[in-house]
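Subject: Structure for you to look at

Hi,

Here is the structure I promised to pass on. Could you open it in your viewer and keep it beside this email while you read?

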Amino acid sequence: MEEDTLDEVLSCFSDKRLGLWGVAQLTAGTGLAVYAVWAGLLMPGFRKVPLKLQVPYLPASRAQVDNVMSLLRGRSGSVADLGSGDGRIVLEACRQGFSPAVGYELNPWLLRVARFHAWRAGYHGKVLYCREDLWKVDLSSCKNVTVFLAPSVLTLLQDKLLAELADDALVVTGRFPFPDWAPCKVEGEGVDRAWAYHIQVVRKNSQLRHSKVDEPPETRIK
Ligand SMILES: C[S@@+](CC[C@H](N)C(=O)[O-])C[C@H]1O[C@@H](n2cnc3c(N)ncnc32)[C@H](O)[C@@H]1O
């Protein structure tokens, strides 16, 4: 009896053709659902950020966090995680003694999760999560910066970091290296890998590159 009912339902579906209107409705419905998840859960708060600078949330793996922390060993003072997600890097940095430990994040859901994690770990009031666009944050007083963003925005971020950070600052990036900078140290393998950059060294190399480009060709050593 039950098999008969199932057969009837299946034959009903196979008899029905979707037609152009049906396909259009299905496409629009799927598009709307994808957009709702993207705008409502993954990227709320990003309305004012240009599309090419929007980076979705992907948490750092445990090994990635360990590699980032290992590259920060021996350092002290302030730390800022640009796009802090659920706050795991900021919280770990605070545990390791960095202060102030600040995360900049636009997604209000992730900010809530980060604050909850900090409260649960007993670090409420010791870490700071700010709802701010990382492209608008003034980084001039920051001594240690951590980054886990998409490769597509890293060229632009290089310019911002170089323009704002002091010579004694260190930048650590997880998963993706900066395209034009030479790291002073690398930790880990594969997707968990992290790269560290001394701003003073990066700045010197970049000035050297620019002075070579500006030099008239006849003065260059052959
Ligand atoms: C790949 S996730 C990394 C999360 C976290 N740092 C970690 O390592 O687990 C990138 C994060 O950056 C945030 N983000 C992207 N663009 C941002 C912006 N313009 N201002 C603030 N946060 C941003 C995203 O919401 C996302 O949570």
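Below is what I found, going from the overall fold to the strands, two helices and the ligand.

**Overall**

First, a caution: this is a predicted model. The protein chain contains 7 helices and 7 strands, and along the sequence they come in the order α-α-α-β-α-β-α-β-β-α-β-β-β-α. Of the 222 residues in the protein chain, 29% are buried. If you take the contacts between residues at least 6 apart in sequence, 65% of them join residues at least 24 apart.

**The strands**

I'd begin at strand E4 (144-147). E4 has a parallel partner in E1, with 4 bridges between them, and another parallel partner in E5, again with 4 bridges. Valine 145 takes part in both pairings: alanine 80 has it as bridge partner in E4, and its own bridge partner in E5 is valine 171. A further bridge links asparagine 144 with leucine 170 of E5.

As for side chains, they alternate between the two faces of the sheet in a regular strand. In E4, Asn144 and Thr146 point one way while Val145 and Val147 point the other, and all of them are buried.

Why does valine 147 count as buried? The cut-off is 20 or more other C-beta atoms within 10 Å, and valine 147 has 25 C-beta neighbours inside that distance, so it qualifies. Beyond its neighbours within four places in sequence, valine 147 contacts Leu82, Leu157, Val171 and Thr173. Its C-alpha atom is 8.6 Å from that of alanine 80, although 67 residues separate the two along the chain.

Next comes E5 (residues 170-174), where 5 of 5 residues are buried. Leu170, Val172 and Gly174 lie on one side of E5, with Val171 and Thr173 on the other, so to speak a strand covered on both faces. E5 also pairs with E7, this time antiparallel and over 5 bridges, and leucine 170 stands opposite histidine 198 there.

Strand E7 (residues 194-198) has 4 of its 5 residues buried. Besides E5, E7 has E6 (residues 185-187) as an antiparallel neighbour, joined by 3 bridges; one of the pairs is lysine 185 with alanine 196. E6 and E7 make a hairpin with 6 residues in between, and glycine 188 in the turn has a positive phi of about 85°.

**Two helices**

H4 (88-95) is largely enclosed by the rest of the structure, because 7 of its 8 residues are buried. Those buried residues are Arg88, Ile89, Val90, Leu91, Glu92, Ala93 and Cys94; note that Arg88 and Glu92 are on that list. The cover over the buried residues of H4 includes helix H3 (62-72) and H5, along with strands E1, E2, E3 and E4. After H4 comes glycine 97, with a positive phi near 100°.

H5 (residues 108-120) runs for 13 residues and spans 18 Å from first C-alpha to last, close to the 18 Å expected at 1.5 Å a residue. Which residues of H5 are buried? They are Leu110, Leu111, Ala114 and Ala118. These cover an arc of only 105° around the axis, which means they sit on the same side of H5. The general reason is that an α-helix has 3.6 residues a turn, so residues three or four places apart point the same way. Pro108, Arg112, Trp119 and Arg120, on the other side of H5, are exposed. H4, E2 and strand E3 (127-131) are among the elements that cover the buried residues of H5. Just after H5, glycine 122 also has a positive phi, about 85°.

**The ligand**

How many residues surround the ligand? There are 22, and the closest are Tyr57, Ala60, Gly83, Gly85 and Leu134. By class, this shell is made of 14 nonpolar, 4 polar and 4 charged residues. H4 and strand E2 (101-105) each supply at least two of the shell residues. H4 therefore turns up twice in this email, as a largely enclosed helix and as a contributor to the ligand shell.

That's everything from my side.

Cheers

Notes
Residues numbered from 1 in each chain as written. Predicted model: local features only at pLDDT ≥ 70, side-chain atom pairs only at ≥ 80, totals over all residues. Near = placed C-beta within 6 Å. Nonpolar A, V, L, I, M, F, W, Y, C, P; charged D, E, K, R; others polar. Buried ≥ 20, exposed ≤ 12 C-beta atoms within 10 Å, placed from the backbone. Pairing = 2+ DSSP bridges. Expected span 1.5 Å × (residues − 1). Arc of directions from axis to C-beta. Contact = placed C-beta atoms within 7 Å.
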